[in-house]
Amino acid sequence: MILRDWIRQAHRWLGIVLTLAILGNFLAIAFGPPPAVVVYFPLVPLALLIVSGLYMFLRPYLTRADHA
């Protein structure tokens, strides 16, 4: 599998992980004050989504500059 395909697939799965982490966060809040690990866990997939999303956004512009 090519690197760009792997990054695209990882980006999709990270979106699912982020969604589940946020839902888990809301569930934990419903039962009282959640521990800090639960509150801050969604930041991990969010940061990875930002990096992979920026890579996918910038890749066409960077490859176009190489061919010019």
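This passage describes a nonpolar surface patch, an aromatic pair and several individual residues in a predicted model.

A nonpolar patch of about 1000 Å² lies on the surface. The residues that form the patch are V39, Y40, L43, L46, I50, L54, F57, L58, Y61 and L62. Two helices, α2 (36–40) and α3 (43–67), each supply at least two of the patch residues. The most is given by α3, which contributes eight residues. L43, one of the residues of the patch, is found in helix α3. F57 is also part of the patch and has its place in helix α3. Between F57 and L46, both members of the patch, the C-alpha to C-alpha distance is 16 Å, and the two residues are 11 residues apart in sequence.

Two patch residues, F57 and Y61, also form an aromatic pair. A search of the whole structure finds one such pair. A pair of aromatic rings is described by the distance of the centres and the angle of the planes. For F57 and Y61, the ring centres are 5.7 Å apart and the planes meet at 55°; the pair is therefore tilted, since this class takes in angles that are neither under 30 degrees nor over 60. The two residues are four residues apart in helix α3, and about one helical turn therefore separates F57 from Y61. With a relative accessible area of 52%, F57 is exposed, because the class begins over 50%. Y61, in contrast, has a relative accessible area of 48% and is partly exposed.

Helix α3 also holds S52. The relative accessible area of S52 is 9%, so this residue is buried, the limit for that class being under 20%. The side chain of S52 reaches the backbone oxygen of L49 at a distance of 3.3 Å. When residues up to four places away in sequence are not counted, S52 touches I7 and H11. Both I7 and H11 fall within the residue range 3–30 of helix α1.

Helix α1 comprises residues 3–30 and includes T19. T19 has a relative accessibility of 45% and counts as partly exposed. The C-alpha atoms of T19 and R4 are separated by 23 Å, and these two residues are 15 residues apart along the chain.

N25 is likewise found in helix α1. At a relative accessibility of 13%, N25 counts as buried. The side chain of N25 reaches the backbone oxygen of V39 at 3.4 Å. With residues up to four places away in sequence left out, N25 touches V38, V39 and P42. Of these, V39 is also a member of the nonpolar surface patch. V38 and V39 fall within the residue range 36–40 of helix α2.

Definitions and conventions: Residues are numbered from 1 along each chain as its sequence is written. This is a predicted model: local features need pLDDT of at least 70, side-chain atom pairs count only at pLDDT 80 or more; totals for chains, interfaces and linings use all residues. Side-chain values use heavy atoms; hydrogens and water are left out. Patches are made of residues with over 30% relative accessible area and no salt bridge: like charges are joined within 9 Å, nonpolar side chains (Val, Leu, Ile, Met, Phe, Trp, Tyr) within 5 Å. Accessible areas come from the Shrake-Rupley method with a 1.4 Å probe; for residues, only the protein chains shown count as cover. A salt bridge is a side-chain nitrogen of Lys or Arg within 4 Å of a carboxyl oxygen of Asp or Glu. Rings of Phe, Tyr and Trp (its six-membered ring) pair if their centres lie within 6.5 Å; planes under 30 degrees apart count as stacked, over 60 as edge-to-face and the rest as tilted. Buried means under 20% relative accessible area, exposed over 50%, partly exposed in between (1.4 Å probe, protein chains only). A polar contact is a pair of N or O atoms within 3.5 Å; within protein, one must be able to donate a hydrogen and the other to accept it, and residues adjacent in sequence count only if both atoms are side-chain atoms. Contact means heavy atoms within 4.5 Å.
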